[in-house]
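Here is a guided look at the model shown below. Keep the viewer open as you read, and follow along from the single chain to the finer details.

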2 protein chains.
Amino acid sequence: MSLKNDLLLKALRGEEVERPPVWMMRQAGRYLPDYIKLREKYDFFTRVETPELACEITLQPVDQVGVDAAIIFSDILVIPQAMGMKVLMEEGKGPLLPKTIQSTNDIDELLTDDVENRLDYVMKALALTKKELNGRVPLIGFAGAPWTLLCYMVEGKGSKSFDKAKQFCFTQPELAHTLLQKITDVSIQYLKAQVKAGADTVQVFDSWSGMLSPADFKTFAQPYLEQIAEAVSEDAPVILFPKGSWYALPELSKSSASGLGIDWSLTPEMARKMTDNSITLQGNFDPSKLLAPIPEIKKEVRKMIDGFGTQRYIANLGHGILPNVPVDHAKAFVESVKEYSTANTIV
Amino acid sequence: MSLKNDLLLKALRGEEVERPPVWMMRQAGRYLPDYIKLREKYDFFTRVETPELACEITLQPVDQVGVDAAIIFSDILVIPQAMGMKVLMEEGKGPLLPKTIQSTNDIDELLTDDVENRLDYVMKALALTKKELNGRVPLIGFAGAPWTLLCYMVEGKGSKSFDKAKQFCFTQPELAHTLLQKITDVSIQYLKAQVKAGADTVQVFDSWSGMLSPADFKTFAQPYLEQIAEAVSEDAPVILFPKGSWYALPELSKSSASGLGIDWSLTPEMARKMTDNSITLQGNFDPSKLLAPIPEIKKEVRKMIDGFGTQRYIANLGHGILPNVPVDHAKAFVESVKEYSTANTIV
């Protein structure tokens, strides 16, 4: 089925677009009243594991906010689950993995085969969403990056410093690399299966890569991101989002990825310079700025697009949308991107 | 009284040193068994407000870990307290300010005069510590940066995104600037009083500046850091530590500060390049790396000093020491700095 709106894919392929596509990380979620209604009826993993619910949630921002792409409603921790770990999710409290990875034995016990079947609910949700979208906008699949997943698998929960995860890497680097490679292998299978099931492109979230020094990023994060980008780019364009790791942008711009996510700790101009204008960039609106008055949002969106330019660019936030953002502010963000471009095309 | 070890002050003045000085942010604190004993007997603000206790805690790492400077045991939130706000501190849970700043009226009510008297317990702790140090090493005073204090005063507690604080700034920028200026004025008085009471140098901690985009840092953080550096540098050398704000290093290196704190999100070489080798740099060991085996710590310390060079450099962590660091690892860090230099002097 051909897409009516393929701006996102064009931007990722470096093709000329009449305006930049726009979507928002975590756009399917907790700032939307219709999502909150579903959250009151179904617990987190029921929402993730029921294809009809995941599909409904995925479509909400497409219908209600007007974004140029859908991103499947799911969670990065489905991979540790598929590898055999228990993951609990307490609403508003973040994840808890009661039995963490500490030893060779723990790693040996992790399952690595048959990911596609173990996560068939994700594949069903993608297929159903693809059908329901009916070509309106592209569908994005995703996974957590190996380093970020290691953080949760070793630390067992969120953390300000992930020092247990880092201690594991610094004291047992060989074990860490064995674990990272296992996660990488499983993630490649998983992302390829997502593309087969209907994802037009995939994003890899390295939410905690910014906790690493440049040298440690190069050791524990970058090689695995590169492996994933190389293997999955055979099937679909890959977006890498190494949050906080601005220092890695020059090297990642030379990877097989088609796009790089940028957070708001650098200006669009810095990001373009660091990547030598050679790759599609996505970002980088400060999510807190969606709490500003709408005229301020519009002004800041214009500045952001001025900085990135309209080509090889995907307008987005620099991290997930906050739960307390009013829906009309999210809409204003999306509309500002669309308006900017129209205004500029007319001129 | 002349100092027996004035390496820190020499490094800050850009004078030649036989080896770089070393200290650790949060060195007086929760990884030291003797501190934990005091914590079991006295609550947080009793420890802060009793000059004898604050002095004892301040001296512990000088005696037990061998650092080249003492930093007064206190808290950045004594300024909001002195300005009339209530601050509660629950052990291990972080601060809570039950009544936050929201309106012009809230800001009008803040006290701004007579800080030296209102915080006379800090002055007494400094004077007592100065006496007890008896010239062994320099004494560092400190304050929180205006932006970081605004975060707590508006948000009321720690936060992953400080989005309430940012919303306040983005929706009421004039109010935000009025508040930031008040905090700045009080901080200048406070830091000057600390120098008068015995501090040989002062550090300004902008712990949350990295939450700001480069443009917002320039608006809400930088001008106030520069004002403080300019006013206080008349009395003593000033170290600015804008955690996470690597993008601001080029401009801050042209401020009146004598030193800039560097976190581990950039390499020593990047930091030197961004500051054009024109200012003393302090940092930037990943605090989690103190959990690595001691030989690994020694190796990484050598790499760090290789990167910064031995001159115009103060060895330190890139943020506060973690509570779970074994004391002998902290000692290994300090000793590695001392050894590196000896080794290099001999060669």
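## The chain and its fold

Chain A is built from 17 helices and nine strands; please keep in mind that this is a predicted model. Measured out along the principal axes, the C-alpha atoms of chain A fill a box of roughly 65 × 45 × 35 Å. For 347 residues, a compact globule would be expected to have a radius of gyration near 20 Å, and the 19 Å of chain A agrees with that.

Burial and contacts add to this picture. In chain A, 55% of the 347 residues count as buried. Among contacts in chain A with a separation of 6 or more, 73% are between residues 24 or more positions apart.

## How the two copies are related

Two copies of a chain are related by a rotation about an axis and a shift along it. Here, a turn of 180° with a shift of 0.0 Å along the axis lays chain A on chain B, with an RMSD of 0.0 Å. This is the relation of a two-fold axis. To find the axis from chain A, look for A:Lys160: its C-alpha is the one in that chain nearest the axis, at 4.3 Å.

## Where the chains meet

Each side supplies its share of the contact, with 24 residues from chain A and 24 residues from chain B. On the side of chain A that touches chain B, the largest share is the five residues from helix H10 (residues 163–171) of chain A. By residue type, that side of chain A divides into nine nonpolar, ten polar and five charged residues.

Do the copies meet through the same surface or through different ones, and what shows it? Of the interface residues of chain A, 100% are also interface residues in chain B, so the surface is the same one in both copies.

## A buried strand in chain B

Strand E5 (residues 201–206) of chain B is a good place to look inside. Six of its six residues are buried, so E5(B) is largely enclosed by the rest of the structure. In a regular strand the side chains alternate between the two faces of the sheet. In E5(B), B:Thr201, B:Gln203 and B:Phe205 point one way, while B:Val202, B:Val204 and B:Asp206 point the other way, and all are buried.

Which strands pair with E5(B)? One is strand E4 (residues 139–144) of chain B, which pairs with E5(B) in the parallel sense over five bridges. Another is strand E6 (residues 238–242) of chain B, which runs parallel to E5(B) and is joined to it by five bridges. B:Gln203 links the two pairings: this residue of E5(B) is the bridge partner of B:Phe142, and B:Gln203 also stands opposite B:Ile239 in E6(B).

## The nonpolar core

In soluble globular proteins, nonpolar side chains tend to be buried together. The largest nonpolar core of this model has 250 residues, and A:Leu150 and B:Leu150 touch the most other members. Leaving aside residues up to four places away in sequence, B:Leu150 touches B:Ala165, B:Ala176, B:Leu179, B:Leu180 and B:Ile183.

A:Phe308 is another buried residue to visit, with 24 C-beta neighbours inside 10 Å. A:Phe308 belongs to helix H16 (residues 294–308) of chain A. Beyond residues up to four places away in sequence, A:Phe308 touches A:Pro268, A:Arg272, A:Leu281 and A:Tyr313.

## Backbone details worth a look

Where is a cis peptide bond found in chain A? The bond from A:Gly283 to A:Asn284 is cis, with omega near -15°, and A:Asn284 is found in strand E8 (residues 280–285) of chain A. In chain B, a cis peptide bond joins B:Gly283 and B:Asn284, with omega about -15°; B:Asn284 lies in strand E8 (residues 280–285) of chain B.

Positive phi values are also worth checking. A:Asp114 is not a glycine, although its phi is positive at about 65°. This residue, A:Asp114, sits in the loop between helix H6 (104–108) and helix H7 (115–118) of chain A, and with 12 C-beta neighbours inside 10 Å it counts as exposed. For B:Asp276, also a residue other than glycine, phi is near 55°. B:Asp276 is placed in the loop between helix H15 (268–274) and E8 of chain B, and its 11 C-beta neighbours inside 10 Å make B:Asp276 count as exposed.

Technical notes: Residues numbered from 1 in each chain as written. Chains lettered and ligands numbered in written order. Predicted model: local features only at pLDDT ≥ 70, side-chain atom pairs only at ≥ 80, totals over all residues. Least-squares fit on C-alpha atoms with pLDDT ≥ 70 in both. Contact = placed C-beta atoms within 7 Å. Helix = DSSP H or I, 4+ residues; strand = E, 2+ residues; numbered from the N terminus. Nonpolar A, V, L, I, M, F, W, Y, C, P; charged D, E, K, R; others polar. Rg over C-alpha atoms; globule rule 2.2 N^0.38 Å. Buried ≥ 20, exposed ≤ 12 C-beta atoms within 10 Å, placed from the backbone. Pairing = 2+ DSSP bridges. Core = buried A, V, L, I, M, F, W, Y, C linked by C-beta atoms within 7 Å.
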